[in-house]
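This report describes selected features of one protein chain. The sequence and structure are shown below.

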Amino acid sequence: MTSRGNWRSRGNTSNREGPNSFRKRNQPKTPCQHFQRGRCYYGERCKFSHDAKKALDFKSAPAASPPTAHDLDARNQYFDWRGLLRSGILSSGYSRREYEEILQFWNGALEILESDSRENHQFLVKDLVDDKFSGSDFILATADTDNPEGVRLTPSYDEAFLKVITHPSLLNCEYTNEDLPVVALDMVKLLSNTLYQLLSRVRRARFHDELPALLDLILEVGSQLTETCSKADIDGIESRIEVMHSLITGTNRSLVAPRVHEETPQSVSALSSFPLDMQTPGGRHDNDLADISEVKILPTHGEIVSDSSEYLPSTNSLQPHILPDPLQRYIDSIFRLLRHDVFGLAKDVLRDLLQQDDLTRLPYFSSKDSGAHLYLGAQVPQIFINEKNELEATVSFTAPPQVRKKTSTEQCRWWQDSNRLEEGSLVCFLASQETDKRLIFLEVTVKNASKDRAHRNKSSLVSDRFQPGITVKLAACLRQDLTLLCQLYSKRLTGILVDFHGLIPATFAPILKNLQRIQREGDLAFKKWILPSRKDEEDGHSIPPPTYARKQGFIFPLASITIPGAERVALDPSTLESVDLLKLQTQTGLDYGQSLGLIAALTREYALIQGPPGTGKSYLGVKLVQALLEIKQNAKIGPILVITFSMLVSGKLIRIGGRSQATELEGKNLRVICKDIGKTRVESQTLGKSYGSLEECMKSAGYSMKPLHQSQKGLSWDVMQHFLRRRWPRIHEQFEQPDMDGFTTVTDDKLLNWLGVKWMNAQNDQKQNESEVDDVRLEGLTRAAKENIHSLSIPDRRILAMSWFKQWQENEAASLFEALDRAASLREDINAVHEEVNRRALIQADVIGITTTALARHIETLRRVGTKVIICEEAAEIGDHRQLRPQIQNHSLSLESPTGKTWQLDRSQFERRAVGEPGLKPAPIAQINVQRRMRPEISQLIRRVYPKLEDDESVLDLPKVVGMRNNLFWLDHRCDEDSRDDGSRVKSHSNQWEVDMATALVRHLVRQGEYKSTDIALLTPYTGQLRKLRTSLSSDFEICLSERDLETLAADGIDNIEDENPESNGRKALEKKTLLQTLRLATVDNFQGEEAKVIVASLVRSNAKRKVGFIRTENRINVLLSRAQHGMYLIGNSETYLNVPMWADVHSQLAYANAVGT
């Protein structure tokens, strides 16, 4: 190697202080014990401290626990290795001694990483790549294993070296340097892992021309190891090689410029079997890019105003697509469709607003259809650095019409009960600068609905002196956004604030960013079973066992789920044909379907379990977790990741997400548990240094904001002299000289005296200056001022002064952005430490419970936890695609829309795999068919959906509904639904007759004295009816609404309509309390997964045209009919619903049982 002499010379000149020097330099002086007692005979010669304060502190401080022998051994082990690192390679030439030094070095490093001292792990990583040590010398020497004669020494240290640089303790450490080099190796598994780590961390490494050939060679060598490696090992190598090929292909494809889009008519009403023109991304606007990893998450101005139709690729693999690779195509399509679902309606609103002539006089009203609330007269009165060292601003606006005539107390209650402008939500500020309209996305940080302001930087929505306002921050810290925010403040521009209902960046940004990451890395777990394949011969029914279960002699003991006293039963994945299902049911208490589901989940690496409502899917999930925990240590599967809201399991559980109302989960939140996880010395030092640097950085940002604040006050010599001294020193010198021209002094301020004014408005004069002065004239004035500032006329002086002020603003704005960018980097360092602490807490767990949103937000940490098993309830592992589909915002992308067949965004992954799709056969499904929730008369109603549904013996003798003749009844009527032409801003449907009947029925049931309010649930499809039912019942009950229903009410413009019942005036319209104090009221969509003894359902729709609305879909009807345990009462006009086949079937059954009446 050409660089061989370099590393050798560096090694021979390394610092030779030895390992003990580190301890000496960092060891503080201990207080002298004799001095503490009163007198030390050694005097100044004493090597201990005689500082009185230190002695006092030493006495008062609690005695530190002495290190254990294990701690001392670990410390000495690390210092011995560090001594080798500091000394470098002492031997010269290609000698046996050099070989032994390298071997000793890497074996020592491997022993440290295999130890349980996490602090030593972090020290090793930092020191190994520190330039003041000789880590790079050892790495280069390890790579340079051929001597000049071409005789290769036995490279036994290659294995130790590669195990070190691919060790999980090193790779999962936040301090790992991404430039760790990689050399060739003889062991295929280590080489493939090393190459993967390099290619996934260092993007530029993927451009090497010889990589594809190297990967093919590794695959060829691996294929010859079948005699010594298990099939699981070979599968792992092949999968890793495939992922690396995808990484290389995707990266090289990004170098090719995409074809420019040419707008063509797009028809999406039906799918055609004829060849179609392939639409391509690129050219529509500045954010229409071929590579989704480069697409900005938030819409750009050019994207919003673009007239071109959005590029939305079909999810049907038979339709043409620019990307041939199934994974790349799948992620690309999902990203674009999901992003369009999030922002599509918001972009429509903003596009309409930007087309208005005057934003200050806008005849535009908030409505459900617009998907937004508008606040006129918006301004940015303040920009400041908050107590958390973050840049924030306040936005004030004209009070909305709903609160203008209210008292302060009523306004406070209105804002508190409203879901408008919630903290964390996305808003947009639109402003006009002459003919140019600009917009900026902001995120609400403070919604203060009280009259009090803690200090001057706090905003308040209720005030006798100020306009209502909120505190915000930049949604994305981009330079152009920061510049616009500063202009809004300094120029006091007036515009419109747009509030989008329920658009919270924390819920969608992590998901979109994670899709971008998957696209960059080219890897997706279980993609063989998830994605349509280019190979028609793929058999979706031959899913192998998990990798850990393919090892020889592996079995699932199942002792944890065996009934006490019963004979032990075990499950061997390699001999499924010999499984005794009857014995398994007897020994575990599971029914036939649940037993099949358990076997499928344990013996397939990708399994689907489907069960109708009430069949015990969650119960099976608990048993599955218990069975997996039994083999956790033996199979090294790590913590089990459970994506669910309802599954509670035994073992050490850690929950990631918001606060849970379940008492069983108290104290199990990750935030709580991490308080007991100590930080290492390296982490503490990193935090201290980062927090200190962050504070200094934001102080610099505060100084850079001085021109912004000064623009509100006017020009002065005090604020401009430093800029002039630095930028125009010759002009500055002239100001320092006395005025010899005999002009009259109008002020003590040198600058204002030169301008001949007592005060100068920086804003108005700057606007005039920008419209009248060109660059040529400005250059001429500057040259003249350098010669003699007093030679200029007063108008020219003011023009020049304003140009100086503008330059100062631009310079400091650039400095402000750099300070904020640096602060963002420091916060990433701080978050990295906290995420590392989170990881250490999580790896100690048996089960990690998490929501899908939190999963995307913590994905990087969870990837380093090393979990091998994921259970996703109600989505991909355990669920039911015959119930409600995923909720989306844009109806045009839905299967229920005539145009949505092309995209099918609300078709869940479970449904895609269970039913199958073009290019991918249906996956095998374990079916659970025995229900334990509903009495047989109710379960019979949904057998149209579940023909094989069976009733467990436990539901045959459920008690009858007290106070009612029938347990199941349809109350028929012919009263029309309420008209929506009354001028009300409520756009949802309602039916006052059904409100009165439902209220009376609920009161009757509760007065029987048999049912608690928790035993009864009142359901309706529409939020308009939900609001009227809440009003009618609130005089007798405290109404409980779910968070989702509260958000839906706000989105429909019903966030706080006055209570219509005079008896309930003065109480909060929406008050959430524990279920023991409340009556459950919900929309059908938000009651999925729940149940009640008695269900009362108001169907609402009743009209001559027999329009049923979205309650016509079989999935939604299924959910409505499957919630009741003991009894169910439907209130609706049967004539309106009989044109829907499933409703006709339900009505026929009830009529046959004499359960329909008026």
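## Helix H12 and a nonpolar surface patch

Leu214 is located in helix H12, which covers residues 211–223. In this predicted model, Leu214 joins Leu217 and Val221 in a nonpolar surface patch of about 210 Å². The relative accessibility of Leu214 is 32%, so the residue counts as partly exposed.

## The parallel sheet

Strands E9, E10, E8 and E11 form an open sheet in the order E9-E10-E8-E11, with parallel pairing. Its edges are strand E9 (653–656) and strand E11 (869–872), each of which pairs on one side only. On average, and with direction ignored, neighbouring strands of this sheet are turned by 20 degrees against each other.

Within the sheet, strand E8 (residues 640–643) runs parallel to strand E10 (residues 847–850), and four bridges join the two. One of the paired positions is Ile643, whose bridge partner in E10 is Ile850.

## Strand E4 and its antiparallel partners

Strand E4 (residues 436–446) has nine of its eleven residues buried and is therefore largely enclosed by the rest of the structure. Strand E3 (residues 426–433) pairs with E4 in the antiparallel sense over eight bridges; here Ser432 has Lys437 of E4 as its bridge partner.

E4 also pairs with strand E5 (residues 469–474), again in the antiparallel sense, over four bridges. In this pairing Leu442 stands opposite Leu474 in E5. Backbone hydrogen bonds are the means by which strands of a sheet pair, whether parallel or antiparallel.

## Helix H18

Helix H18 (residues 505–521) contains 17 residues, which at 1.5 Å a residue should span 24 Å; the end C-alpha atoms are 24 Å apart, in agreement with that expectation. Because twelve of the 17 residues are buried, H18 is largely enclosed by the rest of the structure.

The buried residues of H18 include the nonpolar Phe508, Leu512, Leu515 and Ile518, and also Asn514, Gln516, Arg517, Gln519 and Glu521. Gly522 follows H18 and has a positive phi, near 70 degrees.

## Salt bridges

The model contains 41 salt bridges. One of them joins Arg82 to Asp127, with the closest N and O atoms 2.8 Å apart. This pair links distant parts of the chain, since Arg82 is in helix H5 (residues 69–87) and Asp127 is in helix H7 (residues 118–128), 45 residues apart. Arg82 and Asp127 are both buried.

A salt bridge within a single helix is formed by Asp332 and Arg336, whose closest N and O atoms are 3.1 Å apart. Both residues lie in helix H15 (residues 326–354), four residues apart, or about one turn of the helix. With a relative accessible area of 1%, Asp332 is buried, and Arg336 at 9% relative accessibility also counts as buried.

## The Glu911 pair and a shared network

Glu911 forms a salt bridge with Arg885, the closest N and O atoms lying 3.1 Å apart. Here too distant parts of the chain are linked: Glu911 belongs to helix H35 (residues 909–915), whereas Arg885 is in the loop between strand E12 (878–879) and H35, 26 residues apart. Glu911 counts as buried because its relative accessibility is 8%, while Arg885 at 25% counts as partly exposed.

Elsewhere, salt bridges with shared partners join Glu683, Glu836, Arg839, Arg840 and Arg864 into one network.

Terms used:
Residues numbered from 1 in each chain as written. Predicted model: local features only at pLDDT ≥ 70, side-chain atom pairs only at ≥ 80, totals over all residues. Heavy atoms only, no water. Pairing = 2+ DSSP bridges. Axes fitted to C-alpha atoms, helices over the stretch in contact; angles between N-to-C directions. Patch = residues over 30% accessible without salt bridge, like charges linked within 9 Å, V, L, I, M, F, W, Y side chains within 5 Å. Areas by Shrake-Rupley, 256 points an atom, 1.4 Å probe, with all protein chains shown as cover. Salt bridge = Lys/Arg side-chain N within 4 Å of Asp/Glu carboxyl O. Buried < 20%, exposed > 50% of the residue type's maximum accessible area, 1.4 Å probe, protein only. Expected span 1.5 Å × (residues − 1).
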